[in-house]
Structures are given as C-alpha cells and as structure tokens.
Amino acid sequence: MRSTSLRKRIVVTLISSFLGCSILMAAVSYNAIDTMQQNKIKTNMAFDLYQQSMKLTQVYYNLLQVTQQMTPQGNVGNLMDTYFSTDDLYKRLQLSLSVSNNIGLISFSNPAMELVMYYNSEEKHPLYSNLPLREDFSMQSLPTVAGNESINYQSPHLSLCRFSDDQVVSVTREITFSDGTKQVIYVEAKSDLATDISKLSSSLNLPYVLVLSDQEEKVTYTSNPSVFSVGQNLILGGSSGMTEGYIWDQLVSDYGYHIALMLPVESYNHEFYTWKNHMLLILGIALIILLSIALLLLRLINRPLRVFESEMVALGRGHMGAMQYRTGISEFDKLFDQFNNMKQQIQQLIIDVEHKEKRRHQLEIEKLAYQINPHFLMNTLNSVRWLAVMHRQPEIDKFVSTLIFLLSYNLGKTQETATLRTETKVMRAYLDLQQKRYDFQVDLDIPEGDYLDSPVARFILQPVVENAVCHGLDEHGKLEVRISPDEIAGVIQIIIRDDGKGLSEETLALLQRESPDQQQGGRGIGLRYVRSMLESFYGDRARLQIDSTPNQGTTVIMYLPY
C-alpha cells in the first residue's frame with residue numbers, strides 16, 4: 001500500500017468534508033427556507049385575516065343588537081311607537097326625553113359607539129340623534145357591503161358626526177311603527193381596521209392590503225386605494241391564491257361579505273432571496289475559514305512532529321538535555337513534558353545505580369548508630385545503679401532500676417509480650433517515678449483476673465497517665481485509674497481520671513481530631529499515638545473517649561475488646 005504524508009491526508013479530508021457539508025447545508029437550507037416561508041408567512045396571513053374578520057363580525061353583531069333595541073319590539077323602539085301613537089303634547093314631551101335618555105344610555109354602555117339616530121328617509125331629516133350630524137351627509141352614499149331588504153352593513157367610512165374624523169363601520173335598519181310611520185335606524189361604531197393593518201405591516205415588515213367586497217365581489221373598502229380602488233370588481237375564487245402580482249387569503253363572513261388580505265409577491269419572496277444570499281455568503285466565508293484552518297493545522301501538527309523526531313534522534317546519540325520547545329497545544333506540550341520526564345528518569349536511574357552501594361553502606365552505619373545509642377544509655381544507667389548499690393543508696397537504686405525497666409519496655413529491649421498486666425506494671429513504675437518528684441495522690445482500682453493476661457497494644461496506658469500528670473494535675477491533685485472487665489459484654493473498660501484544671505472546649509475539640517493540623521501543633525502527641533496503636537491492634541473494635549470540664553478535671557475512657 002502506497003503511503004501518503006499527513007499533510008496531504010489533512011487537505012484531502014478537509015476539502016471532502018467541506019464539499020459534503022456545503023451540499024448538505026445548501027439542500028437543507030433551501031428546503032428549510034421554503035418550508036418556513038410557506039408555513040410562517042401563509043400561516044400568519046391566515047391568522048391575521050381571521051382575527052380581523054372576527055373583530056369586524058363582533059362590531060357588526062354589537063351594532064345589530066343596538067338596532068334591535070330601537071325596533072318597536074325593543075325598549076327604545078317601544079317608546080318611539082308610543083310617541084307616534086299619542087296626540088298628547090305633554091306625554092309626547094316626556095316620551096321624547098325618555099327616548100333621548102335611552103339612546104344616551106346605549107352610547108354610554110358601548111364605548112366604541114359614536115352616532116345613534118332615527119332617520120326619516122322620506123323627509124331626509126333625523127328625528128333623534130345623540131350627536132350633531134354633518135351637513136353634507138347622505139344615507140345613499142354609505143358603502144354597503146352586505147345586507148338584505150331591511151338591514152344593511154356598511155364597510156369602514158368616515159363618521160357622520162360633525163365633530164369626528166374617526167373611521168367607523170355602521171348598520172342601517174328600516175322599520176315601520178304601528179301608526180305606519182317609517183324610519184331608518186342608523187348606528188355606527190369606531191373601527192380600528194386601518195390601524196390594525198398598519199401595525200401588522202410595520203411589525204412584520206410586510207405591506208399588507210386589506211380589501212372588503214360585497215356579494216358581487218365589488219370592492220367597498222381597501223386599506224390601499226392606490227392598489228385596489230373602491231368600486232373595482234375583484235373576483236377571487238377560493239380561499240387563497242395569487243392574482244395581479246399579489247398573494248391573497250380570503251374569508252366569507254357570516255353576513256355574506258368577502259374580506260381578503262393581500263401581500264405583494266415581491267415581499268412574499270423577499271425573505272427567501274435574503275436567506276439565499278445569506279447562505280451563499282456563509283458558504284464563502286466558511287470556505288475561507290476552512291482554508292485558513294487547514295494551513296493552521298498543517299503548521300500546528302507538522303512542526304511539533306519534526307521537532308519531536310529530531311529530539312528522538314538526539315536521545316539515541318546520548319543527548320540528555322531537556323527540550324525547551326513549547327507549541328501552545330496542551331497535547332503536544334504534555335508529550336514533550338513526558339519526553340523530558342523520561343530523560344530525567346533515565347538520568348536518575350543512572351545516578352541511583354552509581355550511588356546504590358554508597359547509600360546502602362550509609363544506611364548500615366546509621367542502623368548501627370541507632371542500635372548503639374540506646375545500648376550506651378542502658379549501660380550508663382546500669383553503671384549508675386551499681387554505683388548506688390556500692391554506696392548504699394537504696395532509693396537511687398530503686399529509682400534507676402524502675403527507669404531501666406521503663407526504658408527497656410518502651411524501647412522493646414525486653415522479651416515480655418505486651419499484656420494488660422505488663423501495661424499496668426509499666427504504668428505503676430512510671431507513677432512511682434513521678435511521685436518521687438510530685439506530691440499527688442494515686443488511686444488504683446485494678447482487680448486481679450485472667451483478663452490481665454490478655455494481649456494488648458504496647459504502650460497505651462503510660463502516655464495517657466503522663467498527660468494527666470504533666471498537664472492536668474496540680475501539685476496536690478488526685479489521679480484515679482480503674483479497670484473493669486465485663487465478660488458478658490466482652491469489653492474491658494479503663495478509666496483514667498484526674499481532678500486538675502481540665503481542658504477548654506477548643507482544646508478538647510483539637511484533641512478529638514484523628515489527624516493533626518497547624519492549630520494543634522505538638523499538643524496531644526501521646527493521645528494520637530494511643531489512638532493509632534488501638535486502631536492498628538484492634539481495628540474498629542476499640543474506642544477512646546475524652547471528657548473534660550475546665551477547673552474540674554479530665555477523664556479518658558478506653559474500651560478494649562475482651
């Protein structure tokens with residue numbers, strides 16, 4: 001198989017990956033943009049159209065309810081019917097005031113309501129109106145968008161009120177009272193149709209055009225008269241489609257008129273073209289970045305490999321100097337560090353081999369010295385003891401003999417196995433020595449029994465007693481040592497109590513710690529030793545407990561398995 005360089009493989013891999021990813025990204029982006037356009041824009045158009053249609057339908061419904069109250073069957077219409085049927089002038093005046101008040105209540109209860117009136121079409125004169133009318137108004141000029149013989153719905157138009165410039169929608173209704181009088185009910189309410197379409201167009205950046213047309217599909221209202229004019233026939237078959245360069249959605253309302261939302265094709269496709277240009281720009285930038293990355297990878301990988309190769313050759317020739325080259329890449333730097341460590345380890349192995357015999361000889365000398373020093377001390381103490389015997393000094397003889405026994409036991413010079421009996425014997429010897437110097441009382445309660453011959457950890461009683469004597473007891477204090485075996489529970493309880501100055505809570509907390517720290521310093525060395533010996537000898541079957549109260553004393557309790 002023909003081998004190729006790492007550089008060629010990186011270049012071929014990157015180019016192939018880029019081409020594959022580019023084709024895949026182009027296909028996915030095209031489909032995603034097209035789907036997004038179909039779903040997003042068309043769904044928004046349909047939803048916005050539905051919202052406007054529902055709002056307009058609700059306004060017409062509210063107006064129709066008002067006209068219902070003004071018919072002879074309604075509250076206001078009943079008063080008008082009575083008004084037309086009576087000849088009593090006073091009663092007519094009262095009925096006229098009641099009609100005016102009720103029309104005012106209708107306007108007050110509907111905030112969007114503006115003009116409400118009865119209109120005599122034959123005399124072309126309003127009978128009752130809550131607001132003053134324009135002088136040039138004409139009922140025939142109202143843009144009717146739907147209706148029947150008696151009820152007509154007008155698309156948005158200018159209010160008939162003299163003092164209003166609002167755009168309103170209105171409903172007219174022809175009625176006949178019981179005396180044969182014919183009137184036309186006119187009610188109008190403010191319409192936000194133009195404002196809503198303007199806000200939608202601004203927020204979505206899509207120039208919507210809203211068109212209302214009657215049942216013959218003749219335009220009665222348009223939000224952009226320059227595109228679709230009033231009176232123009234706009235035949236749109238179906239609920240959506242494209243005509244005259246516009247995408248449209250259309251609904252037929254419950255009242256029979258058509259409402260359509262139009263959008264220019266250029267705006268419809270603008271987002272698609274924008275995304276396509278962005279995609280091409282991204283692909284071009286990605287190509288430049290890819291080439292830059294390829295060159296950077298070649299430099300980052302090829303150069304460290306060459307340096308590493310040269311260092312390997314130098315190592316084969318015996319060069320052991322540390323390599324100072326740094327790449328800034330953690331993987332290569334770790335590799336170079338490991339290589340330097342390997343050189344140091346080789347050098348250290350060579351040095352270790354050279355000094356091995358010297359170190360072994362030195363260790364033998366140190367071991368011999370450690371053996372000679374205690375031996376010399378023991379010989380010296382024996383000489384002092386015999387001098388005391390020769391000079392008939394029994395107290396010194398006893399003192400030194402006891403000290404020799406303690407040192408022999410603690411230094412492991414005796415062949416005695418550590419038992420609870422030997423531990424108590426060492427403890428008694430230590431207390432005898434200390435009582436030669438200090439005047440304190442000792443109370444020992446150690447009952448005789450086979451338990452005293454059970455093996456225990458070496459040197460566990462003297463350190464605790466020593467702490468009590470040296471750090472707890474006053475000059476005339478009292479030390480109690482009590483050992484209580486419990487064969488049923490299988491536990492030996494050892495209590496060592498003094499009535500000295502005790503420990504503070506902080507000091508007690510430091511002594512309870514299993515491992516020393518900077519705050520503890522040199523305090524509690526003996527207790528740490530005892531705890532370590534118990535753990536080493538018994539595992540977790542033994543327990544050491546310390547209780548202390550300032551100015552009352554300290555109690556140390558050991559529980560040993562029996």
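The exercises below, each with a worked solution, concern a predicted model of a single structure.

**Exercise 1. Determine where Gln69 is placed, and which residues it touches beyond its sequence neighbours.**

Solution. Begin with the secondary structure: Gln69 belongs to helix 1, which covers residues 6-70. Next take the accessibility, where a relative accessible area of 33% makes Gln69 partly exposed, since that label covers values between the 20% and 50% limits. Then list the contacts: when residues up to four places away in sequence are not counted, Gln69 touches Gly74, Asn75, Val76, Gly77 and Ile106. Finally, consider a pair separated along the chain, namely Gln69 and Ile103, which are 34 residues apart in sequence and whose C-alpha atoms are separated by 9.6 Å.

**Exercise 2. Describe the secondary structure of the stretch that UniProt labels "transmembrane region".**

Solution. First locate the stretch: according to UniProt, in an unreviewed entry, the feature "transmembrane region" falls at residues 279-298. Then read the model over residues 279-298, where the chain is 100% helix and 0% strand. As a last step, take the span of this stretch, whose end C-alpha atoms lie 28 Å apart.

**Exercise 3. State how many salt bridges are counted, and analyse the one between Asp196 and Lys55.**

Solution. The count comes to nine salt bridges, with a cut-off of 4 Å between a side-chain nitrogen of Lys or Arg and a carboxyl oxygen of Asp or Glu. For Asp196 and Lys55, the N to O distance is 2.5 Å, and the pair links distant parts of the chain, with Asp196 in helix 4 (residues 193-204) and Lys55 in helix 1, 141 residues apart. The two partners should then be classified separately: Asp196 is buried at 15% relative accessibility, because buried means under 20%, whereas Lys55, at 42%, is partly exposed. As background, side chains of opposite charge can pair when their charged atoms come close.

**Exercise 4. Work out which parts of the chain are tied together by the pair Arg421 and Asp453, and then examine Ser454.**

Solution. The side chains of Arg421 and Asp453 form a salt bridge with an N to O distance of 2.8 Å. Arg421 lies in helix 8 (residues 420-437) and Asp453 in the loop between strand 12 (441-445) and helix 9 (462-472), so the pair ties together parts that are 32 residues apart in sequence. As to accessibility, Arg421 is partly exposed at 29%, and Asp453 is partly exposed at 44%.

Now turn to Ser454, which is also placed in the loop between strand 12 and helix 9. With a relative accessibility of 18%, Ser454 counts as buried. The side chain of Ser454 reaches the backbone oxygen of Tyr451 at 2.6 Å, and, once neighbours within four places in sequence are left aside, Ser454 is in contact with Thr419, Leu420 and Ile492.

**Exercise 5. Identify the strands joined by the salt bridge between Asp445 and Arg482, and name the network that includes both residues.**

Solution. Start from the geometry: the side chains of Asp445 and Arg482 meet with an N to O distance of 3.1 Å. The pair links distant parts of the chain, given that Asp445 is in strand 12 and Arg482 is in strand 13 (residues 478-486), 37 residues apart. Asp445 is partly exposed at 37% relative accessibility, and Arg482 is partly exposed at 28%. To finish, place the pair in its wider setting, a network of salt bridges that links Asp443, Asp445, Lys478, Glu480, Arg482 and Arg497.

Notes:
Residues are numbered from 1 along each chain as its sequence is written. This is a predicted model: local features need pLDDT of at least 70, side-chain atom pairs count only at pLDDT 80 or more; totals for chains, interfaces and linings use all residues. Side-chain values use heavy atoms; hydrogens and water are left out. Helices (H or I, at least four residues) and strands (E, at least two) are DSSP runs, numbered from the N terminus. Buried means under 20% relative accessible area, exposed over 50%, partly exposed in between (1.4 Å probe, protein chains only). Contact means heavy atoms within 4.5 Å. UniProt positions are given in the numbering used here, feature names are shortened, and annotations may be inferred rather than shown by experiment. A polar contact is a pair of N or O atoms within 3.5 Å; within protein, one must be able to donate a hydrogen and the other to accept it, and residues adjacent in sequence count only if both atoms are side-chain atoms.
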